[in-house]
Amino acid sequence: MLKGFLMMGKIFIGALLLLGINTATFAADITGLWQTIDDKTGAPKAQVEIRKEANGSYAGKIVKVTPRPGYTPKEICDNCPAPYTNKPILGLDIATGLKKTDELNYTGGKILDPNTGKVYGLKAKLSTTGKRLHMRGYLGISALGRNQIWLRVE
């Protein structure tokens with residue numbers, strides 16, 4: 001009887017551990033604060049806060065520009081199309097319209113590069129740990145674009 005009880009206890013603890021690992025493996029979604037990383041230099045660029053909109057899509061705004069040596073950040077989005085024209089970069093929604101397609105993937109969005117004023121299509125993939133966000137900005141088709149990795153700010 002004692003062996004049976006111990007075996008049931010081990011199975012129960014194993015199930016709890018498995019559930020704990022499962023819930024820790026996948027982050028709920030992409031909401032939160034993210035550090036953007038320049039895909040060309042590897043330097044941190046800005047912090048973007050991603051939020052869930054009332055319509056279920058996700059949007060991200062610049063909440064902090066990361067200082068770095070040899071770079072003077074623009075303050076105004078002067079080369080940007082409407083509705084971004086001449087708006088302050090700090091507080092600007094640069095990512096809009098992302099929709100969750102499954103546990104880790106998001107598509108259908110747009111992203112603005114405030115340095116060039118160009119708007120790209122956007123898709124994103126959350127890492128299984130929830131700590132990295134793989135962003136893909138593209139023109140027309142996804143094959144014509146570039147990648148950035150954003151890191152979750154704890």
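Let's start in the middle of the chain: strand 6 and strand 7 run antiparallel and are joined by 4 bridges. (Helices, H or I with at least four residues, and strands, E with at least two, are DSSP runs numbered from the N terminus; two strands pair if DSSP finds at least two bridges between them.) One of those bridges sets Thr96 against Lys110 in strand 7. The two strands make a hairpin, with 4 residues between them.

Before going on, a word on what you're looking at: this is a predicted model, where local features need pLDDT of at least 70 and side-chain atom pairs count only at pLDDT 80 or more, while totals for chains, interfaces and linings use all residues. Residues are numbered from 1 along each chain as its sequence is written, and side-chain values use heavy atoms, with hydrogens and water left out.

Now follow strand 6 to another partner. Strand 3 pairs with strand 6 over 3 bridges, in the antiparallel sense, and here Lys61 has Asp93 of strand 6 as its bridge partner. Strand 3 also pairs with strand 2, again antiparallel, over 7 bridges; Lys52 meets Tyr58 of strand 3 in one bridge. Put the pairings together and you get a closed barrel of 8 strands, in the order 1-2-3-6-7-8-9-10, with antiparallel pairing. On average, neighbouring strands of this sheet are turned by 30 degrees against each other, direction ignored (axes are lines fitted to C-alpha atoms, for helices over the stretch in contact, and angles run from 0 to 180 degrees between N-to-C directions).

Overall, the protein has 1 helix and 10 strands, and the helix comes ahead of the strands from the N terminus on.

What about the inside? Nonpolar side chains tend to be buried together in soluble globular proteins. The largest nonpolar core holds 26 residues, and Ile30, Ile50, Leu133 and Trp150 touch the most other members. (Such a core is a set of buried Ala, Val, Leu, Ile, Met, Phe, Trp, Tyr and Cys residues joined through side-chain atoms within 4.5 Å; buried means under 20% relative accessible area, exposed over 50%, partly exposed in between, with a 1.4 Å probe and protein chains only.) Strand 8 gives the largest share of this core, 4 residues.

Leu133 is a good residue to click on. Leaving out residues up to four places away in sequence, Leu133 touches residues including Ile30, Trp34, Ile50 and Trp150, where contact means heavy atoms within 4.5 Å. Across the whole protein of 154 residues, buried ones make up 33%.
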